Amino acid sequence: MASLEGYYRIRAPLITISKIMGAEIWTSDKFFQPASYMLMAHMVIYNVCNGYTVLTQISDPVKLMQVTIIFGIASQLIFKFFYAISRKYDLRKMFDIAEETIYQRYSEGNKEEVLILHKTVRYLGIIWKFLALIYSSTLFVFGMWPIYVYYSTGQMVPLFSYEIPLIDPASSFGYILNMFLHVDIYILGILGSILADYTFIFIVFHAVANVDLFILHSKELSDLLIENDPTKNVRAIKEKWNCCMCDHQIATEYLNGTEDIVGLLCLVQVFSCIFTICDAMLLVALTDWYAAVCFLIVVFGEITIYFLIGNFVELKVDELYASVVSVPWNLLNNIQQKEYGYLLARSQRPLILTLFGFAPLNFESYMTVLRALYQFFVMIMQSVE
């Protein structure tokens, strides 16, 4: 049961952060908790401050872009919060299915099955630590900007550019209040980003684990079928075939469920990141504000992770199709050959992650986005020159 305990261990950070953020998917049937209302109050405060600053800085394009550079990230996090709340039972179902069909079913399985479980747990544990480290370190990186400006010019600047209405940011009280609000909202943003991205990766990796289990069992079935022993165990073949059928159904249903949940999230993620990248590139070309470079690196890395994972799923599904085709179906009995026809028919329908059906989440779409961003950057540099 070590694999099941490992599953609970890698799921624990999600439960903890969801309680802090008020997006309790696993531990409560209520849609909103006290922490949810506190988070929504922060959303209102941010949007009021952001809208007020946009109106006051609308005559200065550079200041306006510095204000709106975090709007893309903030808007996607606000959307993800309400989307997760509205789909909490679907999300919980995906986690329950992973626990039942993978860990409870194969925790006491053979060596290869347990190895797949341990690999999934180990990789997710590494990814959790990586996300926590990278996202948390951005607060330190962005926090260096006010310190750098103060020691280089003697001027006190806030962490970000949006201001609290009717409070003078140049006064000591206004500066402290603005900095406190910026840090408070940014910490919530870090926690929200970790929660959203880790949940996405968590679900996708368990979809891949289901595919790996089917590939393993289909290979074992093929080995049984091609044995030269005339007294081969017909019962063992039947049990392994039924196991493959069950694995294929679970894998395809889980992949479909994953696409149903994350498709819209991926679309919002990509478009909000593109908006932020374009804003950051303009600021990099027009100013020496190094925070824009940090935004560019962080958001570009985030969008890259999503496309990498989508491409990884596509490659894994190709392996699933290859495993179906490679089964020596002619050695199956008549009933099993008819059932094998259903597997082939199902293989004709795509099982990939998409941007809500508009485009596949793979390297081809990623390169299309990169080409568009490169053309935008070239246009900016020509305009600046």
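**A walk through the predicted model**

C266 is buried, with a relative accessible area of 0%. That is where our tour of this predicted model begins. C266 takes part in no disulfide, and the nearest cysteine sulfur, belonging to C273, is 11 Å away. Turn to C273 and the picture is mirrored: C273 is in no disulfide either, with the sulfur of C266 as its nearest cysteine sulfur, 11 Å away. C273 also counts as buried, at 1% relative accessibility. Why do C266 and C273 not count as a disulfide? A disulfide requires two cysteine sulfur atoms within 2.5 Å, and the sulfur of C273 is 11 Å from that of C266, so this pair does not qualify. As background, a disulfide is a covalent bond between the sulfur atoms of two cysteines. Across the whole structure, the number of disulfides is zero.

Now step back to the chain itself. The UniProt record, an unreviewed entry, places the feature "transmembrane region" at residues 37-58, 64-85, 126-151, 261-282, 289-309 and 351-374. Two of these spans are worth following from end to end. Residues 37-58 are 91% helix and 0% strand, and the C-alpha atoms at the ends of the span lie 31 Å apart. For residues 351-374, the helix content is 50% and the strand content 0%, with 30 Å between the end C-alpha atoms.

Next, let us look at the aromatic rings. The structure holds 27 aromatic pairs. One of them joins F81 and F82 in an edge-to-face arrangement, with 5.1 Å from centre to centre and 75° between the planes. How exposed are these two residues? F81 is buried, its relative accessible area being 7%, whereas F82 is partly exposed at 36%. Elsewhere in the model, one aromatic cluster brings together Y7, Y8, W26, F95, Y103, W128, Y198 and F202. Another ring, that of F31, has a charged companion: the charged end of K88 sits over the ring, 5.8 Å from its centre.

Our last stop is an open space. The largest pocket has a volume of about 620 Å³. Which residues lie closest to the centre of this pocket? Of the 28 residues lining the pocket, the closest to its centre are K63, Q155, M156, V157 and P158. Helices contribute to the lining as well: α3 (61-68), α6 (111-153) and α7 (172-225) each supply at least two residues. The largest share comes from α7, which provides five residues of the lining.

Conventions: Residues numbered from 1 in each chain as written. Predicted model: local features only at pLDDT ≥ 70, side-chain atom pairs only at ≥ 80, totals over all residues. Heavy atoms only, no water. UniProt positions renumbered as here; feature names shortened; annotations may be inferred. Helix = DSSP H or I, 4+ residues; strand = E, 2+ residues; numbered from the N terminus. Phe/Tyr/Trp six-rings, centres within 6.5 Å; stacked < 30°, edge-to-face > 60°. Buried < 20%, exposed > 50% of the residue type's maximum accessible area, 1.4 Å probe, protein only. Lys NZ or Arg CZ within 6 Å of the ring centre and 35° of its normal. 1 Å grid on protein atoms, 1.4 Å probe; cavity = no way out; pocket = protein on both sides within 12 Å on 5 of 7 lines; lining within 4 Å. Points joined across faces, edges and corners; volume = space filled by probe spheres on them.
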